[in-house]
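Please take a moment to look over the sequence and the model below. The explanation is intended for a reader who meets this structure for the first time.

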Amino acid sequence: MTSSLPFSSALVTGASSGIGEELTRQLVAAGATVVVVARRAARLEALAAELAGVEVLKADLGTRAGQDAVAARIADADRPIDLVVNNAGFGSSGEFHALDADRLGDEVELNVAALTRLSHAALAVMVPRRRGWLLNVSSVAGFQPAPRLAVYAATKAYVLSLSESLHQEAASAGVHVSALCPGLTKTEFQSVSNTAHYQSTFPEFAWTTVEEVATSGLQGVAKNRAVIVPGAIYKLVTGAGSVTPRWIKRALSGVVQRS
Ligand SMILES: NC(=O)c1ccc[n+]([C@@H]2O[C@H](COP(=O)([O-])OP(=O)(O)OC[C@H]3O[C@@H](n4cnc5c(N)ncnc54)[C@H](OP(=O)(O)O)[C@@H]3O)[C@@H](O)[C@H]2O)c1
């Protein structure tokens, strides 16, 4: 499935669980070495013990020091990275005014500021090198506003917009930039983001698997797709959304978040 990927080295943020862990597994299976980044070092060490060619980089991307450390690893000319995946992220479900303001700030710092910093670190070496791949994890939530998941949807809209702009900018240098926009996927995201109730409210067909998301992402960025939406149902939903008036989209989104 992932046997013919063009990357021989990669760096994946948020590799200690969920989509990032699966991306790491598929990259290693395809023969790439992978630098894995997250805060939970024990999880990363376990992955490195299980898989060949995995380098652990413990970093809190919610801090400047953590962002600097990962940016420096990306910039290391002696150990070049072909593919950078900005996957680390989280959400906060609930009414905006009632959520913790510091938590929302941390969410913007990780989903937006760290991703921007590491995208810059990646393209600063890839464009002059005229070789490289950057995969930024957005969400189907980035296609429309999402009442009760407002900050998360706004951060993912930012990721989608930034990545599409960078896709165009970097194309002439032969560098691929893609936004990966998964729909509902069972990971630790639901417990971290207070959306565990989704597992009982959304039917089984609404869920994509981490395997499907990771495969779509890796194949999509290899093929230089600007926007990658895994799963037929979400391709349909986001396609229909592009011709739906914004007022209908935000009203429907509000109904979905209430369920
Ligand atoms: N699951 C879904 O339904 C879904 C749908 C659309 C988009 N997404 C996006 O997919 C991406 C991956 O999420 P997931 O579903 O795989 O969730 P997950 O299982 O909760 O994984 C999140 C990853 O981000 C890392 N992380 C969180 N805060 C961090 C920080 N401050 N510094 C460094 N790493 C940090 C976590 O590692 P540590 O806790 O060890 O640091 C973990 O490895 C996210 O960007 C998410 O928004 C998910």
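The paragraphs that follow turn to the sheet, then to a helix packed on it, and finally to the enclosed spaces.

The structure shown is a predicted model. A suitable starting point is its open sheet of seven strands, in which the pairing is parallel. Read across the sheet, the strands come in the order β3-β2-β1-β4-β5-β6-β7. The edges are formed by β3 (54–58) and β7 (227–228); each has a single partner strand, and therefore one side of each remains without a neighbour in the sheet. The partner of β3 is strand β2 (residues 33–38), which runs parallel to β3 and is joined to it by five bridges. Within this pair, Ala38 has Lys58 of β3 as its bridge partner.

Helix α4, which spans residues 101–129, packs on the sheet. It touches four strands, namely β1 (9–13), β4 (83–86), β5 (133–137) and β6 (176–180). The direction of α4 makes an angle of about 170° with that of β5.

Strand β4 merits separate attention. On one side, it is joined to β1 by three bridges, and the two strands run parallel; here Leu11 stands opposite Val84 of β4. Four bridges join β4 to β5, again in parallel, and in β5 the bridge partner of Leu83 is Trp133. Which way do the residues of β4 point? Leu83 and Val85 point one way, whereas Val84 and Asn86 point the other way, and all of them are buried.

The enclosed spaces complete the description. How many cavities of 30 Å³ or more does a search of the whole structure find? The search finds two. The largest cavity holds about 50 Å³ of space. Its lining consists of Thr13, Leu61, Asn86, Asn87, Ala88, Leu110, Ala114, Leu115 and Leu118. Asn86, already met as a buried residue of β4, is thus one of the lining residues of the largest cavity. Helix α4 supplies the largest share of this lining, with four residues. By class, the lining comprises six nonpolar and three polar residues, with no charged ones.

The second largest cavity holds about 40 Å³ of space. It is lined by Ser92, Gly94, Phe96, Leu99, Leu104, Arg148, Leu149, Ala150 and Val151. Six of these residues are nonpolar, two are polar and one is charged.

Terms used. Residues numbered from 1 in each chain as written. Predicted model: local features only at pLDDT ≥ 70, side-chain atom pairs only at ≥ 80, totals over all residues. Heavy atoms only, no water. 1 Å grid on protein atoms, 1.4 Å probe; cavity = no way out; pocket = protein on both sides within 12 Å on 5 of 7 lines; lining within 4 Å. Points joined across faces, edges and corners; volume = space filled by probe spheres on them. Nonpolar A, V, L, I, M, F, W, Y, C, P; charged D, E, K, R; others polar. Pairing = 2+ DSSP bridges. Contact = heavy atoms within 4.5 Å. Axes fitted to C-alpha atoms, helices over the stretch in contact; angles between N-to-C directions. Buried < 20%, exposed > 50% of the residue type's maximum accessible area, 1.4 Å probe, protein only.
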